[in-house]
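Thank you all for coming. I would like to walk through one model with you, starting from its surface and ending with its charged pairs.

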Amino acid sequence: MKQTVGKKKDKTKWLILLLALITAIAVGVSIWALLFREPAKDTLAPDYAPVEEEKNAEDMGEEAGEKLEQPEGGGAVSLSYSTDVSIDLSEKTVTLMFANPAESNQDMVLQIVIQETEVAQSGRLVPGKQVTKLTLSDDAKLQAGTYEGKFVASYYQQDSGEKAILNTEIPVTITVQE
């Protein structure tokens, strides 16, 4: 009978030791995650639209018609875009098609995001302008291949430049070439 009690004590000691080891590992991982891990880059749109319009913006060639109806204190936008985006790493250029048609009554800033990292951002796109080429961000660490990314369009009041509460995220396919 004494042998059975001794074996149970040995098993209990090993179980306590194993649980203490698991707890120590969990505490170590938690401390590492909180203190030493590099935080993820968030893509933030500016609170006010850039003063300068996008340097690569082109006229859409449409006649200024009627603006979209908008609620009091709100805005209304129309978008025109292609979900295919190309990046040339050697030239550091992003080729796309994104337009802010003339009937919109908000300015826009466009960001291109891959895996929550901003790889390009436009200047201010006023209604009636489109952009087909942007400069690749210096922070973009990409390899050749195909990525699932998104357009993030942020809207701004034309008179004050103040950012609207809402933005639009559009899934895109991004082809990266060297």
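How much area does the chain expose, and what share of it do carbon and sulfur atoms supply? The exposed area is about 11900 Å², and carbon and sulfur atoms supply 53% of it, with accessible areas taken from the Shrake-Rupley method with a 1.4 Å probe, where for residues only the protein chains shown count as cover. Before going on, please keep in mind that this is a predicted model, in which local features need pLDDT of at least 70 and side-chain atom pairs count only at pLDDT 80 or more, while totals for chains, interfaces and linings use all residues. Residues are numbered from 1 along each chain as its sequence is written, and side-chain values use heavy atoms, with hydrogens and water left out.

The chain has 1 helix and 9 strands, where helices (H or I, at least four residues) and strands (E, at least two) are DSSP runs numbered from the N terminus, and along the sequence the pattern reads α-β-β-β-β-β-β-β-β-β. Of its 178 residues, 33% count as buried; buried means under 20% relative accessible area, exposed over 50%, and partly exposed in between, with a 1.4 Å probe and protein chains only.

Let me turn to the interior. The largest nonpolar core holds 26 residues, of which Leu96 and Phe98 touch the most other members; such a core is a set of buried Ala, Val, Leu, Ile, Met, Phe, Trp, Tyr and Cys residues joined through side-chain atoms within 4.5 Å. Elements giving two or more residues to this core include β4 (93–100), β5 (106–114) and β8 (145–157). Beyond its neighbours within four places in sequence, Leu96 is in contact (heavy atoms within 4.5 Å) with residues including Leu110, Ile112, Val131 and Phe151.

Which aromatic rings are linked into a cluster? Ring pairs join Tyr81, Phe98 and Phe151, a pair being rings of Phe, Tyr and Trp (its six-membered ring) with centres within 6.5 Å, where planes under 30 degrees apart count as stacked, over 60 as edge-to-face and the rest as tilted. The structure holds 3 aromatic pairs. One of them is Tyr81 with Phe151, edge-to-face at 6.5 Å centre to centre and 85 degrees between the planes; because Tyr81 lies in strand β2 and Phe151 in strand β8, this pair ties together parts that are 70 residues apart in sequence. Phe98 and Phe151 also pair edge-to-face, at 5.5 Å and 75 degrees, linking strand β4 to strand β8 across 53 residues, and both of these residues are buried.

Finally, the charged pairs. The whole structure contains 4 salt bridges, each a side-chain nitrogen of Lys or Arg within 4 Å of a carboxyl oxygen of Asp or Glu. Asp107 and Arg124 form one of them, with the closest N and O atoms 3.3 Å apart, and both Asp107 and Arg124 are buried. In another, Asp138 meets Lys92 at 3.8 Å, where Asp138 is exposed at 60% relative accessibility and Lys92 is partly exposed at 38%. Lys150 and Glu169 also meet in a salt bridge, at 3.3 Å from N to O; since Lys150 lies in strand β8 and Glu169 in strand β9, the pair ties together parts 19 residues apart in sequence. Together with Glu116, Lys150 and Glu169 are linked in a network of salt bridges.
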